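Here are a few short exercises to work through with the model open beside you. Try each task before reading its solution.

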Amino acid sequence: LQEGQLRAGAHSDYGSLTILLGEDRPGGLEIFTSDGDEASEKTWRKIPAIEGGFVVNIGDLMAQWTNDRWVSTLHRVGVPDKDACGPTRRQSIVFFHQPNWDAVVECIP
């Protein structure tokens, strides 16, 4: 592995919602978010996998639909630390939700 390498680079999803069931293994989902009192303090934060729990990401379409009241989640997937113990392979089940391609999507006032 090279320094700074990722399993999946930073991106947001283009649909309305993404629902993720992930495994509790090293090197997982990270989101770019405020990590302090000031909005300017943005950082990558690791999201722990909770047994039986789901992660729901807001997509770009939902941001547009809500007139940016809800913002899409910038996220990435990191690699395990070099000193990680145990299995490091990951398997995730993901559901991407979006309306039909011919649906009219207008901002909610």
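**Exercise 1.** How do the residues of the lining of the second largest pocket divide into nonpolar, polar and charged?

*Solution.* A note before starting: this is a predicted model.
- Step 1: begin with the space itself, which comes to about 220 Å³ in the second largest pocket.
- Step 2: collect the lining, which has 12 residues; L20, L29, H75, V77 and V94 are the closest to the pocket centre.
- Step 3: sort the lining residues by class, and you get five nonpolar, five polar and two charged.
- Step 4: map the lining onto the strands. At least two residues come from each of β2 (17-21), β6 (75-78) and β7 (93-97).

**Exercise 2.** Is H75 buried or exposed? Find out what surrounds this residue, too.

*Solution.*
- Step 1: locate H75, which sits in strand β6.
- Step 2: compare its relative accessible area with the cut-off. The value for H75 is 6%, and buried means under 20%, so H75 is buried.
- Step 3: list the neighbours, leaving out residues up to four places away in sequence. H75 touches G9, A10, H11, S12, D13, L29, E30, I31, W44 and N57.
- Step 4: look for a polar partner. The H75 side chain comes to 2.8 Å from the backbone oxygen of T73.

**Exercise 3.** Where do N67 and D68 lie, and what are their phi values?

*Solution.*
- Step 1: place N67 in the loop between α1 (60-65) and β6. D68 also belongs to the loop between α1 and β6.
- Step 2: read the backbone angles. N67 is not a glycine, yet its phi is positive, about 55°. For D68, again a residue other than glycine, phi is positive and near 65°.
- Step 3: check accessibility against the cut-off, where exposed means over 50%. N67 has 52% relative accessibility and so counts as exposed; D68, with a relative accessible area of 53%, is exposed as well.

**Exercise 4.** In what order do the elements of the protein run from the N terminus on? Then describe the protein as a whole.

*Solution.*
- Step 1: count the elements, which are one helix and seven strands.
- Step 2: write them in order from the N terminus: β-β-β-β-β-α-β-β.
- Step 3: turn to contacts with a separation of 6 or more. Residues 24 or more positions apart make up 77% of them.
- Step 4: finish with burial and surface. Of the 109 residues, 19% are buried. The protein exposes about 8200 Å², with 52% of that supplied by carbon and sulfur atoms.

Notes
Residues are numbered from 1 along each chain as its sequence is written. This is a predicted model: local features need pLDDT of at least 70, side-chain atom pairs count only at pLDDT 80 or more; totals for chains, interfaces and linings use all residues. Side-chain values use heavy atoms; hydrogens and water are left out. On a 1 Å grid over the protein atoms alone, a cavity is a set of points where a 1.4 Å probe fits but cannot get out, and a pocket is an open set with protein on both sides within 12 Å along at least five of seven lines; lining residues have an atom within 4 Å of a point. Grid points are joined across faces, edges and corners, and a volume is the space filled by probe spheres set on the points. Helices (H or I, at least four residues) and strands (E, at least two) are DSSP runs, numbered from the N terminus. Ala, Val, Leu, Ile, Met, Phe, Trp, Tyr, Cys and Pro count as nonpolar, Asp, Glu, Lys and Arg as charged, and the others, Gly among them, as polar. Buried means under 20% relative accessible area, exposed over 50%, partly exposed in between (1.4 Å probe, protein chains only). A polar contact is a pair of N or O atoms within 3.5 Å; within protein, one must be able to donate a hydrogen and the other to accept it, and residues adjacent in sequence count only if both atoms are side-chain atoms. Contact means heavy atoms within 4.5 Å. Accessible areas come from the Shrake-Rupley method with a 1.4 Å probe; for residues, only the protein chains shown count as cover.
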